[in-house]
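User: Could you take a close look at one part of this model for me, the sheet with its salt bridges and packing, and then follow the thread into the helices? I'd enjoy one connected walk-through.

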Amino acid sequence: AMARAAARRPAVEGPMHETVVLGVGLPLASYSSSRDDFRAYFEGRGRISCTYQGKEYDFTIRDCRVYPQGWSAYLTRYNDFARYADMTFVDIGGYTVDLFRTHNGQRVQGSLMSIPTGTITLIKSIQDELMRQDIILTDAQMSDILRGGPVVHMDKALIIDACKTYR
């Protein structure tokens with residue numbers, strides 16, 4: 001993600017080195033208990049090198065700021081959202097759905113909530129239901145179907161019904 005962001009900047013000759021402040025998110029359920037360890041993990045990484053789209057990048061993490069999931073994503077687009085008086089944000093992840101509200105660009109105290117279900121748990125629940133009917137679909141097939149792709153299977157009606165149950 002750091003290299004992808006750096007790649008959007010004007011090109012420089014040779015390897016790119018940047019000192020960064022990293023914003024990361026943790027699920028609400030583990031935010032309080034894990035944020036200090038999570039921050040220490042990233043700050044203790046030292047120099048990070050990678051290749052992205054054929055270009056060398058080096059990063060040094062100067063600071064790591066840990067936020068509840070969703071909030072760090074909000075901060076990256078703060079200028080786009082801050083002008084709205086009231087907003088509700090929904091961050092749908094693999095294992096959780098995190099929600100919070102803002103008023104005049106500030107998070108509303110007590111509005112942060114995490115629901116322990118996300119896209120991965122959704123797909124697994126549907127797959128479990130279908131397996132009870134002897135229908136086995138891969139994660140890729142399930143993702144495609146849930147995105148509105150065609151159901152190419154002899155049990156098409158059962159699959160569509162199982163997916164509708166979770167909408």
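Analyst: Happy to, and let's begin with D58, which counts as buried in this predicted model, because its relative accessibility is 13% and the cut-off for buried is under 20%. D58 forms a salt bridge with R47, with 3.4 Å between the closest N and O atoms. R47, by contrast, counts as exposed, at 54% relative accessibility. D58 belongs to strand β3 (residues 55-68) and R47 to strand β2 (residues 47-52), so this pair ties together parts that are 11 residues apart in sequence.

Those two strands belong to an open sheet of three strands, ordered β1-β3-β2, with mixed pairing. The edges are taken by β1 (16-26) and β2; each has a single partner strand, so one side of each is left without a neighbour in the sheet. On average, neighbouring strands here are turned by 45 degrees against each other, if direction is ignored. As a reminder, strands of a sheet pair through backbone hydrogen bonds, either parallel or antiparallel. Here β1 and β3 run parallel and are joined by 11 bridges. To see one of these partnerships, look at V24, whose bridge partner in β3 is V66. Helix α2 (residues 28-43) packs on the sheet, where it touches β1 and β3, and its direction makes about 145 degrees with that of β3.

Back to the charged pairs for a moment. The whole structure holds six salt bridges. Another of them joins D80 to R77, and there the closest N and O atoms are 2.6 Å apart. Both partners are partly exposed: D80 has a relative accessibility of 34%, and R77 has a relative accessible area of 45%.

A further salt bridge takes us to the helices, where the side chains of D139 and K124 meet at 3.1 Å, N to O. This pair links distant parts of the chain, 15 residues apart, with D139 in helix α6 (residues 139-146) and K124 in helix α5 (residues 119-131). D139 is partly exposed, with a relative accessible area of 40%, and K124 is partly exposed as well, at 38%. Salt bridges with shared partners also join R39, E43, D63 and R65 into one network.

Now for the two helices that carry D139 and K124. The axes of α5 and α6 come within 10 Å and cross at roughly 105 degrees, which means that α5 is roughly perpendicular to α6. On the α5 side, the contact is made by L122, I123, K124, I126, Q127 and L130, while α6 contributes D139, M142, S143 and L146. The salt-bridge partners D139 and K124 are thus also part of this contact.

One more helix completes the picture. In α7 (residues 156-165), the residues I159, A162 and C163 are buried. Viewed down the axis of α7, its buried residues fall within an arc of 95 degrees, so they line one face of the helix. A157, K164 and T165 are exposed on the other side of α7. The buried residues of α7 pack against α5 and α6, the pair of helices whose axes cross at roughly 105 degrees.

How values were computed:
Residues numbered from 1 in each chain as written. Predicted model: local features only at pLDDT ≥ 70, side-chain atom pairs only at ≥ 80, totals over all residues. Heavy atoms only, no water. Salt bridge = Lys/Arg side-chain N within 4 Å of Asp/Glu carboxyl O. Helix = DSSP H or I, 4+ residues; strand = E, 2+ residues; numbered from the N terminus. Buried < 20%, exposed > 50% of the residue type's maximum accessible area, 1.4 Å probe, protein only. Pairing = 2+ DSSP bridges. Axes fitted to C-alpha atoms, helices over the stretch in contact; angles between N-to-C directions. Contact = heavy atoms within 4.5 Å. Arc of directions from axis to C-beta. Parallel < 35°, antiparallel > 145°, perpendicular 65-115°, else oblique.
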